Amino acid sequence: MQDFIRRYPAVAAIAIVAVLGIALTVGGQGEAARMLVSGASLVIAAMQLKGMIDDLRSGTYGIDIIAVTAIVSAVAVGEHWAALVVCLMLTGGEGLEDYAEVRASSELTALLEGAPTVAYREGKDGEPVEVDIADIAPGDRLIVRPHEIVPVDARLVSDMGIFDESSLTGESMPVEHRAGEQVLSGALNGTEAVLIESTSHASDSQYQRIIALVEEARDSQAPFVRLADRVAVPFTIFAFALAGLAWLLSGDATRFAQVLVVATPCPLIIAAPVAFMAGMSRGARGGMIVKSAGTIEKISRINRVAFDKTGTLTRGIPEVVDIHPKRGIDREELLAIAGATERFSSHPLATAIVDAAAKVGMPEAKRVEEVPAHGVTALIDGAEIRVGKASWANGESVADIEPGHTLVWVSRNNESLGSIELADTLRPEAATALAVLANAGTQTMMVTGDREETATGIARELGIATVAADLLPEDKVRAIEGEETLMVGDGVNDAPVLAAADVGVAMGARGSAAAVESADVVIMLDDLTRVTRLMMLGRGTMKIAWQAIGIGVGLSIILMFFGAFGAMSAFAGAWMQELVDVACIVWALRAARPSSEERNLDAMLAEHKHPAAHSEEKEERILAA
């Protein structure tokens, strides 16, 4: 109670005045009650008038003039209790707005409150030693206890760990990590303590970057909200005109007060920012951090989405897509020999081959040697194995290989065994994501630095009509000019175009720091369907914001006509306006819930197999005879 009085002293004062006024009235001191309530109301009106003048000086328009006039006119015609209710509406509006924004921004608040401040470094005896999170350095071994948040980006030292990454990525299922794998700061550890090794300072970790983005988002205000303030100007003119006309035609000054007490709609002040905050909170729950409320409005106007290729439409890493053995050679045997030879190479193609070969098992390789610009050689079962370029491993030049695909040849004692085909493959959800955008009437285009033949092939597969290829970073900026565009990318070379686009979206799970800093939205999960969800979020939030304002203004106008015809007292009208305000705020909070479009997308995705299952099925197909 003390905290409430400290935060909202005017509301507390009005409550005390109301109690005293009722006591005086019951005690037969009606005139004293009228003077007390009227005086308190006029003091509140004077405070509101001062605030209104300050706002006008700063260039902000509002509807305070209606409220001030409503209070004064209600007092003048003897409707002092109605005046007090209007005062309660005005002063209590701040508390109502605070409550609504807390509800709307629950996900953003949870991220901020969950930020760890301490960590537990492994001591010499293996026991945890509490340290300030700012004192953690790369290479420190940290103990993360059950149900604690991972304090910094790290590698897992324990054999296995299970983490809840939903606050970072929107992925609802727990994620299992093995020793050596990257663990993101902000992930919630499972039921077993794990040992990790930090890979960065806390200030450079993923979670701290998210916290900075969330703080920026909470402090932002959408241009739409300021536009809503300006809607108050014609509304104010209409309200005064109707109130004056009702007084003139009826000859009853009470009608003037009866109209104005219902002409102070909080939706123009509260509903729009609540809707935007709810939308941003909804985005955070789905792994989409929107940096500012203004971005929500921009997204709602977008009709073209541009994508980078590598790491955005594709996985960004090569993987085995086919195996071409010579006659008499088993596909699994060819893959196993290549994997065993490449096991100790750090080349990205070698990593892809080893990952695929690990599924079938690999023989022991001896005297492994990397030959620069050619490949790798080794001894397996006494035979010399070469894995690398065709000219070096007795392979053949293949003219009709698909653009963007690469062949790695394998030979044994200078006899070709066949080749392994690798490519940077499409994300499994890419086709679905782009199909949903196309069905919504959104144009799509690809903006990439890759060769035109490679980009065109992928664009054709995904149904992208417009392709701009062979581009330098500055060329990408020019490619998106001329139309409102949302740009999706992840690399350092995407930073300029993300900053230049109307809305820049960074795929932040593996995206570069430059891309994340330049973007307006950061998607924390490597999932392109989040882009379609983002478009739905922007349009849905704007729709709900307009609806909330429309409901508030519409109901207020209806009540104003009731007051103009004398069908409702000023006291009843003031309370009805309170109900209108609550209804509009409740409606604005709908932006925190998934829209029907998003639920339809969920149903569509449920019909398709999970990306992991998709990958396993593809591997089985590759290895099949």
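Two strands pair if DSSP finds at least two bridges between them. Helices (H or I, at least four residues) and strands (E, at least two) are DSSP runs, numbered from the N terminus. On these terms, strand β12 (residues 314-325) and β17 pair in the antiparallel sense over eight bridges.

The structure is a predicted model, in which local features need pLDDT of at least 70 and side-chain atom pairs count only at pLDDT 80 or more, while totals for chains, interfaces and linings use all residues. Residues are numbered from 1 along each chain as its sequence is written, and side-chain values use heavy atoms, with hydrogens and water left out.

The chain holds 24 helices and 22 strands. Of its 625 residues, 48% are buried, where buried means under 20% relative accessible area, exposed over 50% and partly exposed in between (1.4 Å probe, protein chains only). Contact means heavy atoms within 4.5 Å. Among the contacts in the chain with a separation of 6 or more, 66% are between residues 24 or more positions apart.

**Strand pairs**

Three pairings are set out below.

| Strands | Sense | Bridges | Opposite residues |
|---|---|---|---|
| β12 (residues 314-325) and β17 | antiparallel | eight bridges | Ile323 and Ile420 |
| β16 (residues 405-412) and β17 | antiparallel | eight bridges | Thr406 and Leu422 |
| β11 (residues 304-307) and β20 (residues 485-489) | parallel | four bridges | Phe307 and Val488 |

Strand β17 (residues 415-426) has ten of its twelve residues buried, so it is largely enclosed by the rest of the structure. The hairpin of β16 and β17 has two residues between the strands, and Asn413 there takes a positive phi near 50°. A positive phi, near 85°, also belongs to Gly441, which follows helix α16. In α16 (residues 430-439) the buried residues are Ala430, Thr432, Ala433, Leu434, Val436 and Leu437.

**The seven-stranded sheet**

Strands β11 and β20 are also neighbours in an open, mixed sheet of seven strands, ordered β10-β22-β21-β20-β11-β18-β19. Its edge strands, β10 (288-290) and β19 (466-468), each pair on one side only. Neighbouring strands of the sheet are turned by 20° against each other on average, direction ignored.

**Nonpolar cores**

A nonpolar core is a set of buried Ala, Val, Leu, Ile, Met, Phe, Trp, Tyr and Cys residues joined through side-chain atoms within 4.5 Å. The largest has 45 residues, of which Val305, Phe307, Leu486 and Leu534 touch the most other members. Helix α21 (residues 529-564) gives the most to this core, with seven residues. Apart from it lies another core, of 41 residues, including Ile71, Ala82, Met89 and Ala239.

Leaving aside neighbours within four places in sequence, Leu486 is in contact with Ile299, Ile302, Arg304, Val305, Ala306, Val503, Val505, Val531, Leu534 and Met535.

**A helix pair**

Axes are lines fitted to C-alpha atoms, for helices over the stretch in contact, and angles run from 0 to 180 degrees between N-to-C directions. The axes of α11 (residues 271-285) and α22 (residues 570-588) come within 8 Å and cross at roughly 25°. Helices α11 and α22 are therefore roughly parallel to each other; angles under 35 degrees count as roughly parallel, over 145 as roughly antiparallel, 65 to 115 as roughly perpendicular and the rest as oblique. At this pair, Ala271, Val274, Ala275 and Ala278 in α11 meet Cys584, Ile585 and Ala588 in α22.
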